[in-house]
Each structure stands twice: as structure tokens, then as C-alpha cells.
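Student: I would like to learn how to read the empty spaces in a protein model, and the residues around them. Could we work through one example together, step by step?

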Amino acid sequence: MLFSQINKNIPLLKDYYKYLPVTNTEKEWGFYINTVGYSVTNPLETYPPSKDHPLPHQFTWNKGRILNGYYLVFISKGRGTFESALTRSKPVSEGICFLLYPNVWHRYKPDLNTGWEEYWVGFNGMYPDHIMKNNFGHPENPFFEIGLSEPFLMIFQRLLDNVRNGLPGYHQVISGITLEMLATLYNFSTNKHQSQNKDLQLIHKARFMLRESLERPIDIPQMVKELPMSYAKFRKLFKEQTGTSPHQYYLNLRISRAKSLLQTTELNVNEIAYQSGFESEYYFSKFFKKKVNLSATQYRLLKKQLK
């Protein structure tokens with residue numbers, strides 16, 4: 001079963017973003033987050049697609065904008081253009097992150113023919129100032145070619161999950177996650193270790209695509225058509241690299257996400273089934289018990305007792 005359908009009574013998630021109030025407590029922490037989000041802009045759609053962002057964050061291509069904090073933007077699909085007062089116009093494509101700096105005019109947009117998918121986090125504070133002033137990135141060259149890195153995507157998803165679930169004390173938790181993200185970018189920029197093997201790069205891309213599809217349906221053979229590789233070769237290489245088939249890997253990702261949500265949120269089982277991409281609570285509960293030997297409720301109780 002390739003999860004080509006999901007519960008039609010629940011709308012698919014498309015965009016999610018949140019602007020966070022910043023109190024003196026967050027400022028005194030020295031590293032605070034003011035916004036996180038994920039957005040899809042389809043081909044030929046107007047960009048930015050939403051007009052309900054706070055006024056300082058709204059912009060048009062003609063006017064651009066100036067912000068008063070740091071923002072990290074990750075393009076996970078598609079391509080477009082970025083430029084700033086300190087950077088000439090440059091094409092950006094999937095796998096590229098770029099930093100926005102305080103008080104620096106900038107603008108960016110997706111290509112009309114491809115659209116794009118983007119993740120972002122905005123942050124500020126004494127500690128980010130210290131990091132940025134000590135050779136982390138440069139306003140004149142704010143790009144990081146991280147590639148379609150599954151570990152990096154996992155960090156962004158964890159950040160979004162913490163904000164979406166909003167448990168007590170999450171403001172400090174998400175500042176730590178954002179710091180981990182910056183550390184990952186720093187490590188990547190100073191130790192360029194991405195494999196040059198084209199086949200392995202395609203497997204890395206496939207793993208990224210599977211993880212990014214946890215909350216929406218996916219047909220794996222159809223996905224592989226986006227890669228210049230036959231399905232038979234893809235399946236063989238994927239199993240060599242991961243120790244499991246693409247389908248089983250995908251199911252394991254969903255179960256891992258469900259476990260994480262059961263441990264870190266108060267969401268009910270139906271919501272967790274949906275956020276883990278299962279068709280229904282019934283199918284999720286049956287499959288979870290088969291894989292874990294506990295019901296979802298029993299698993300949650302056990303983890304709480306072990307804390």
C-alpha cells in the first residue's frame with residue numbers, strides 16, 4: 001500500500017507559519033525566535049502567496065523590504081531569484097539556504113514556471129549577534145548550498161512541530177533547535193562533505209522527498225520518475241544504502257514520527273495518525289501495534305512513566 005489516499009474529511013496541510021510574541025523573558029535568554037513557517041508557491045501563483053503576514057514582513061518584488069532581525073530561508077523544491085542591497089541578483093534552487101540580515105534591503109521570489117517550497121525561521125538576540133559577527137556567513141554572500149539534506153530537514157520539521165504543538169517552555173526549546181540548525185550549516189560550510197557520486201546524490205534526494213512527504217500522500221514509483229534512474233536500479237541502490245526497501249523506509253519514518261508526537265505532544269491519536277500520514281486512526285492503530293507491540297495509548301503512558 002503506497003498511501004495514495006488519506007482521510008478526505010481532513011484537509012491536507014499546505015502552508016503553516018506563526019509569528020511569536022517576544023517578551024522580556026525571551027530577550028533575556030539571549031536567543032529568541034520571532035517566526036517559523038513553511039509555504040508552497042505553485043507555478044504561476046502570486047508571490048508572496050498570503051497577505052495576512054504582519055506588516056513589517058509583507059513585501060512585493062518592486063519594493064522589497066528591510067527587517068530588523070535574522071532570517072534563515074531554506075528552499076526545498078523549485079527555483080527562483082534572490083538579491084539584496086549587498087548581493088547582486090542570484091538564482092537560487094532546491095537545497096539552498098540563504099540568510100537575511102538586519103537592516104539590509106532584500107527581495108526574493110520563485111520562478112513563475114516552477115514555484116517553490118520554502119521553510120523559514122526568524123531569530124534575534126545577543127547570541128545570534130555574537131555568532132554572526134564571528135565569521136558565520138557574510139551579508140555579501142548569504143548562501144549555503146546544503147543540498148537536499150534529510151538531517152537538515154529533520155531539524156526544520158522538529159522546529160515546526162515544537163511551535164505547532166506549543167508545549168510550556170517551547171520558546172527556549174526552539175531557540176536551541178535553531179542554534180542546532182546554524183551549527184549544521186556552519187559544519188557543512190567548513191567541511192564540504194557532500195558525496196559527488198551522482199547515484200548516491202539521487203538516493204539522498206529520494207530520502208529527503210520521502211521525509212518531506214510524511215503528512216501528505218505519495219506514490220513511490222511515481223516519485224522515482226522525477227529522478228533520472230529506473231525504479232529497479234533505484235530500489236536496489238536504496239536498499240544498499242539504507243538496509244531496507246523504499247516502502248519500508250517510508251513506513252518506518254511514519255512510525256518514528258508518530259512515536260515522537262506521542263512522547264512530546266498532547267495530541268490525540270487521531271491527530272497523530274493524520275500528522276504521521278496514515279489514512280485513518282483505525283489503520284494507524286492497527287499498524288502501530290503490529291510494529292511496536294503496544295497500542296499508541298500504551299506507548300504514550302509507558303514513555304511518561306519512564307520520564
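Tutor: Let us begin with the naming of elements: helices and strands are DSSP runs, numbered from the N terminus. On that numbering R257 is found in helix α8, and please keep in mind throughout that this is a predicted model.

Student: How does one look for empty space in general, and what is the volume of the largest pocket here?

Tutor: Rolling a probe the size of a water molecule over the atoms shows where empty space is left. In this structure the largest pocket has a volume of about 420 Å³. Its lining is made of 20 residues, of which M154, R158, D161, R257 and S260 are the closest to the centre of the pocket. Two or more lining residues are given by each of α3 (150-165), α4 (170-190) and α8 (246-264).

Student: Which element gives the largest share of that lining, and how do the lining residues divide by class?

Tutor: The largest share comes from α3, which supplies seven residues. By class, the lining of the largest pocket has nine nonpolar, seven polar and four charged residues.

Student: Is R257 buried or exposed, and which residues is R257 in contact with?

Tutor: Buried means under 20% relative accessible area; R257 has a relative accessible area of 10%, and therefore counts as buried. Leaving aside neighbours within four places in sequence, R257 is in contact with D161, R164, L214, E215, Q275 and S276.

Student: How many residues does α3 have, and how far does the helix reach?

Tutor: One way to read a helix is to set its span beside the expected one. The 16 residues of α3 reach 22 Å from the first C-alpha to the last, close to the 22 Å expected at 1.5 Å a residue. At the N-terminal end, S149 caps α3, with a side-chain oxygen 3.2 Å from the backbone nitrogen of F152. Just after the helix, G166 takes a positive phi of about 55°. The buried residues of α3 include F152, L153, I155, F156 and D161.

Student: Which residue does the side chain of E150 make a polar contact with?

Tutor: E150, whose place is in helix α3, makes a side-chain polar contact with the side chain of Y249 at 2.8 Å. Since its relative accessibility is 6%, E150 counts as buried. Apart from neighbours within four places in sequence, E150 is in contact with R207, F208, R211, Y249 and L253.

Student: What does the side chain of N165 reach, and which residues are in contact with N165?

Tutor: N165 also lies in helix α3, and its side chain reaches the backbone oxygen of D161 at 2.8 Å. With a relative accessible area of 18%, N165 is buried. Beyond neighbours within four places in sequence, N165 is in contact with L261, T265 and L267. N165 and L267 are 102 residues apart in sequence, yet 8.0 Å apart in space, C-alpha to C-alpha.

Student: How many cavities of 30 Å³ or more does a search of the whole structure find, and what lines the second largest cavity?

Tutor: The search finds two cavities of 30 Å³ or more, and the second largest has a volume of about 40 Å³. Among the residues that line the second largest cavity are F82, S84, L99, L100, H106 and P142, and the elements that give two or more residues to this lining are β3 (70-84) and β5 (96-100). By class, the lining has seven nonpolar, three polar and no charged residues.

Terms used. Residues numbered from 1 in each chain as written. Predicted model: local features only at pLDDT ≥ 70, side-chain atom pairs only at ≥ 80, totals over all residues. Heavy atoms only, no water. 1 Å grid on protein atoms, 1.4 Å probe; cavity = no way out; pocket = protein on both sides within 12 Å on 5 of 7 lines; lining within 4 Å. Points joined across faces, edges and corners; volume = space filled by probe spheres on them. Helix = DSSP H or I, 4+ residues; strand = E, 2+ residues; numbered from the N terminus. Nonpolar A, V, L, I, M, F, W, Y, C, P; charged D, E, K, R; others polar. Buried < 20%, exposed > 50% of the residue type's maximum accessible area, 1.4 Å probe, protein only. Contact = heavy atoms within 4.5 Å. Expected span 1.5 Å × (residues − 1). Polar contact = N/O pair within 3.5 Å; in protein donor to acceptor, adjacent residues only side chain to side chain.
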